[in-house]
Amino acid sequence: MPGFESLQPAVIAWAVAVIALAGIIHGALGLGFPIVATPLIALVTDMRTAIILILLPCMAAVIASIVKGRGLRAVLIEFWPMPIYMFVGASIGTRLFIAHPDAPYALLLALLVVVYLNLDRFGATDWPLLKKHRRPFGAVFGVMAGIFEGSTNAAAPPLVMYFLALSLSPTAMVQALNICFITGKTTQFATMATMGGVTLTQWLATLPLSAIAAVTVLAGIRIRGRVDALTYRRWLKHALSVIALLLLAQYAYVTWLKA
């Protein structure tokens with residue numbers, strides 16, 4: 001993918017539509033950009049191209065969410081180690097992806113989400129031990145999220161599980177998620193730029209999509225501002241269900257292409 005000139009107009013149009021949709025969803029939920037965009041763009045490109053296409057747009061979406069949010073200082077004081085854990089995990093995950101791009105990372109993450117949702121259905125996601133020892137568990141979930149960020153472009157599920165267990169408010173949840181995302185995405189970008197064989201031309205080709213992502217995130221944030229905390233938590237759990245389905249579909253599609 002040396003630039004937009006190598007892509008068919010229909011592929012570019014699809015990428016623009018997907019980026020816009022992902023931006024609105026990320027603004028409304030505070031998460032979801034790479035989870036929505038990666039499998040949908042991978043339908044018309046290969047996985048590596050999809051990840052390159054959406055990496056800078058995703059960073060733009062995350063930055064816009066942080067800038068437009070509130071309570072960042074309090075969240076940083078409480079959860080400042082989480083970006084460090086994300087950095088460690090993303091470094092591991094990106095190297096795993098570069099060395100073994102065909103490993104079933106998406107399937108593993110989808111199964112993790114399915115297990116969590118079934119535990120939640122039976123009321124088994126109230127974890128007093130996690131609340132009592134939030135820092136050690138934060139390290140586990142943060143590194144796990146980073147690994148999946150680097151390997152599947154989807155850090156959100158482990159982070160959502162962790163922050164839901166802590167019963168954070170929607171505002172704090174969004175800020176906590178996005179300070180983790182920006183660390184993971186920056187690490188992924190640095191690793192791809194230095195070790196992944198991605199050229200400056202390739203990154204520059206994605207800047208128009210980054211502008212679209214930033215604008216559509218703002219529209220999504222306005223939607224989120226109209227819902228209460230209970231509705232937002234329901235949205236997150238529904239989002240996890242959709243994420244699992246998308247990851248399973250992505251894995252099935254890639255497996256079918258190889259057959």
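The questions and answers below walk through a predicted model, taking its helices, cysteines and surface in turn.

User: How many disulfides does a search of the whole structure find?
Analyst: A disulfide is a covalent bond between the sulfur atoms of two cysteines. For Cys-58 the closest cysteine sulfur is that of Cys-180, and because the two lie 13 Å apart, they are too far from each other for a bond. Cys-58 counts as buried at 2% relative accessibility, and Cys-180 is buried too, with a relative accessible area of 0%. The number of disulfides found in the whole structure is zero.

User: How far apart are the end C-alpha atoms of helix H8, and what span should its residues give?
Analyst: Helix H8 covers residues 134-152, which makes 19 residues, and at 1.5 Å a residue these should span 27 Å. The distance found in the model agrees with that expectation, since the end C-alpha atoms of H8 are 25 Å apart.

User: Which elements cover the buried residues of H8?
Analyst: The buried residues of H8 include Gly-138, Phe-141, Gly-142, Ala-145 and Phe-148, and they run on through Glu-149, Gly-150, Ser-151 and Thr-152 towards the end of the helix. Just after H8, Asn-153 takes a positive phi of about 70 degrees. What covers the buried residues of the helix includes H2 (33-42), H5, H6 (105-121), H7 (128-132), H9 (156-165) and H10 (170-195).

User: How many residues of H2 are buried?
Analyst: H2, one of the helices that cover the buried residues of H8, is itself mostly covered. Its buried residues include Phe-33, Pro-34, Thr-38, Pro-39 and Ala-42. The count of buried residues in H2 is ten of ten.

User: Is Thr-94 buried or exposed, and which residues does it touch?
Analyst: Thr-94 has its place in helix H5, which covers residues 81-99. With a relative accessible area of 1%, Thr-94 falls under the 20% cut-off and is therefore buried. Leaving out residues up to four places away in sequence, Thr-94 touches Gly-150, Gln-188, Thr-191 and Met-192.

User: Which residues make the nonpolar surface patch of about 540 Å²?
Analyst: Ile-92 is a useful place to begin, as this residue lies in helix H5 and counts as partly exposed at 39% relative accessibility. Ile-92 belongs to the patch, and the full set of residues that make it is Trp-80, Ile-84, Phe-87, Val-88, Ile-92 and Leu-96.

User: What phi does Ser-167 have, and where does this residue lie?
Analyst: Ser-167 lies in the loop between H9 and H10, and with a relative accessible area of 47% it is partly exposed. Although Ser-167 is not a glycine, its phi is positive, at about 60 degrees.

User: Which residues is Leu-72 in contact with, and what distance separates its C-alpha atom from that of Asn-153?
Analyst: Leu-72 is found in helix H4, residues 72-79, where at 29% relative accessibility it counts as partly exposed. Apart from its neighbours within four places in sequence, Leu-72 is in contact with Ile-66, Gln-175 and Ile-179. Leu-72 and Asn-153 are 81 residues apart along the chain, and their C-alpha atoms are separated by 24 Å.

Methods: Residues are numbered from 1 along each chain as its sequence is written. This is a predicted model: local features need pLDDT of at least 70, side-chain atom pairs count only at pLDDT 80 or more; totals for chains, interfaces and linings use all residues. Side-chain values use heavy atoms; hydrogens and water are left out. Helices (H or I, at least four residues) and strands (E, at least two) are DSSP runs, numbered from the N terminus. Buried means under 20% relative accessible area, exposed over 50%, partly exposed in between (1.4 Å probe, protein chains only). Contact means heavy atoms within 4.5 Å. A disulfide is a pair of cysteine sulfur atoms within 2.5 Å. The expected span of a helix is 1.5 Å times one less than its number of residues. Patches are made of residues with over 30% relative accessible area and no salt bridge: like charges are joined within 9 Å, nonpolar side chains (Val, Leu, Ile, Met, Phe, Trp, Tyr) within 5 Å. Accessible areas come from the Shrake-Rupley method with a 1.4 Å probe; for residues, only the protein chains shown count as cover. A salt bridge is a side-chain nitrogen of Lys or Arg within 4 Å of a carboxyl oxygen of Asp or Glu.
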